[in-house]
Amino acid sequence: MKFSRLLLLALLFLNNRAFGVDYPGLSIEVINIFMASKEVLFEKQAEINSANSDKSSLFGQLFLREIDLVYKRNHGQPLPKADHPIKALLYQSILSVMEDNRALIMDPGLVYKGLIPATFSFQLSQRFSNSGYPVKIKFVGLRNNLVNEANNPDVWEYEVLSRVAVSVSEDGGLVQQVTEENGRSMVRTLKPIYFSLDCLSCHGTVSDNPANKFISKEHWTLINKAGFKMPNYHLGDLAGGVSLTLDVLGIQEGGNLELQ
Amino acid sequence: MVILNCNKRSLIFRYLAGCALSCCCLILYSLKTFAEGSDTVGKTITIGTYGYQPHIKVGAGPLQGRGINYLSKLLESAGYEPIYQVVPRKRLAQYLANGKVDMAFPIYENELRNSKQMSVRPLLFETPGLCFRKENFIPFLSVIDRWKELDIIYAGGTEIIPFLAEHNTSLKPVFGASIQDRLIKMLASKRADAAYVANVLPMYNINSRFYKTIACSNFYGHSSPVYIAMSNQLDSSVIRSLRTSYKKLPHYVEFEIEISK
């Protein structure tokens, strides 16, 4: 804990003296927006999977309004303004991912669309991270229980998750650190995610599987709605985290990695 | 008082010097702008492309789509007039290498060898996937067990992602004209369980003619980058000015959202 506080102090010092932008604060905001959008997607599952309901709130400004409501509920303040290119890019990416899934969402011929928070987060992190800006966001899972290999944590993320798994902190265990990669300063932030009741319908025990409701125990299935074996997690267990990497120099150069 | 007078004189001198300097700068800037303007006025850039839904729509009239809007904006902001030339897909990279077109879109990573990228950033990414009859739709392709024993067809010549090839041994290439229609017909008539496509979006979107028949899932994490490329034979000053305009242009994502509104 002391070590991370020291690093955070160093980070804030560097930030105020040299960069003029509150990168740790920006990172936390970006992660919180990311998490709020994921939560909206969870709450909108019935709408997404319905055959003929009004789905206008899943696209464009109406979708951002839904995220705003969740953000207010979680943080007591409105959704941050797009006053930094990275935040603007995140908002654009969120809307683009929903547009990418328009055909799926609007398809009346599918009973279950499979657009769940995990797939949404993965698409969003790809959209956001592949944009060429010196910023990457990633949903990271636990190494021994990955559904998607692309969610494999790197060394830093693995160390942080291992530490978080055995400690409980008041701030939800958010970790920030400045690391050096190829001579460049990276501001790294990881927000752990813990299983809530909603998550357990797919990630919980066999008894949490909605497919087993109203069925006698001997006929219970181990397979969840997504087609995976129920992994036996419990309420409050560590699920993984959202990891953000900001390349400070890259941002100062305006993401200018262009060819000459 | 003397000091004040001296300051006043000094201020007036500085003011006049500043004005003179500003005038010089203004003249130089005007000359430069005029020279640049006269370089590009009335100049055209030929862009090779093909039907690439939903980015490039080739129909009876002029080409349409968010890709066209973006490319036109890019060229116009650099002071060029775009001329679009529809080229067979397989020949686009060759046309670009030979200088038959000045620019090309879409261009894939393996086609960039004899051309210059507009940017290190790809314009967009393509995601491969599997298409199914709606009643057999598999939403999560990470559940390998669901598709590993299916009969999967694909357009002959299409590169298959290793993840699919590793886990399914019943992959069958299909050859011939109107290959997409053939794949979907085979799927609809249950002669195959699924069809592999290198890019899901053109097959499965609300405007696609296949939308009523099929539904597709993506192989997330297996996307490939798609670029705008320029001919090596373009003058270096033109390449520079196009790249400068590209950097100033809003992100392509904004064009995507705008169009879909």
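Start with where the two chains meet: in this predicted model, 32 residues of chain A are in contact with 29 residues of chain B. On the chain A side, the elements that give two or more residues are helix H5 (85-100), helix H6 (102-106) and helix H7 (117-129). H5(A) gives the most, with 6 residues. Sorted by class, this side of chain A has 13 nonpolar, 14 polar and 5 charged residues. As for the scores of the model, ipTM comes out at 0.81 and pTM at 0.78.

**How far to trust chain B**

Chain B averages a pLDDT of 84, and 80% of its residues score at least 70. Where in chain B is confidence lowest, and where is it highest? The low end is helix H1 (residues 2-40) of chain B, with a mean of 51, and the high end is strand S6 (residues 129-133) of chain B, at 97. Two stretches drop below a pLDDT of 50. One is residues 1-8 of chain B, with 0 contacts in the model beyond near neighbours in sequence. The other is residues 33-38 of chain B, with 1 contact of that kind. Where pLDDT is low, the predicted coordinates should not be read in detail.

**Domains**

Each chain has a domain assignment, set out here.

| Chain | Domain 1 | Domain 2 | Distance between C-alpha centres |
|---|---|---|---|
| A | residues 2-192 + 238-251 | residues 196-235 | 26 Å |
| B | residues 42-125 + 225-260 | residues 128-218 | 29 Å |

In chain A, the contact between the domains takes 5 residues from domain 1 and 6 residues from domain 2. The domain 1 side of that contact in chain A has 4 nonpolar, 1 polar and no charged residues.

Chain B has 8 helices and 11 strands. Of its 261 residues, 33% count as buried. Take the contacts in chain B with a separation of 6 or more: 70% of them are between residues 24 or more positions apart.

**A helix pair in chain A**

H7(A), one of the helices on the side that touches chain B, also packs within its own chain. The axes of helix H2 (residues 23-43) of chain A and H7(A) come within 9 Å and cross at roughly 145°, and the crossing is right-handed. Which residues make this contact? H2(A) brings A:Phe34, A:Ser37, A:Lys38, A:Leu41 and A:Phe42, while H7(A) brings A:Pro117, A:Phe120, A:Ser121 and A:Leu124. By class, these residues divide into 6 nonpolar, 2 polar and 1 charged.

**Backbone oddities**

Most residues other than glycine have a negative phi, and most peptide bonds are trans. A few spots here go the other way.

The peptide bond from B:Phe105 to B:Pro106 is cis, with omega near 0°. B:Pro106 sits in strand S3 (residues 103-108) of chain B.

A:Asn232 is not a glycine, yet has a positive phi of about 75°. You'll find A:Asn232 in the loop between helix H9 (200-203) and strand S4 (238-247) of chain A. Is A:Asn232 exposed or partly exposed? It counts as partly exposed because it has 14 C-beta neighbours inside 10 Å.

B:Lys190, also not a glycine, has a positive phi of about 65°. Its place is the loop between helix H5 (179-188) and strand S9 (194-197) of chain B. B:Lys190 has 10 C-beta neighbours inside 10 Å, so it counts as exposed.

Conventions. Residues are numbered from 1 along each chain as its sequence is written. Chains are lettered from A and ligands numbered from 1 in the order in which they are written. This is a predicted model: local features need pLDDT of at least 70, side-chain atom pairs count only at pLDDT 80 or more; totals for chains, interfaces and linings use all residues. pLDDT is the predictor's confidence in each residue, from 0 to 100. Helices (H or I, at least four residues) and strands (E, at least two) are DSSP runs, numbered from the N terminus. Two residues are in contact if their C-beta atoms, placed from the backbone, lie within 7 Å. Ala, Val, Leu, Ile, Met, Phe, Trp, Tyr, Cys and Pro count as nonpolar, Asp, Glu, Lys and Arg as charged, and the others, Gly among them, as polar. Domain bounds come from an automatic or database domain assignment. Axes are lines fitted to C-alpha atoms, for helices over the stretch in contact, and angles run from 0 to 180 degrees between N-to-C directions. A crossing is left-handed if the near helix is turned anticlockwise from the far one by less than a right angle, and right-handed if clockwise. A residue is buried if 20 or more other C-beta atoms lie within 10 Å of its own, exposed if 12 or fewer, and partly exposed in between; C-beta atoms are placed from the backbone.
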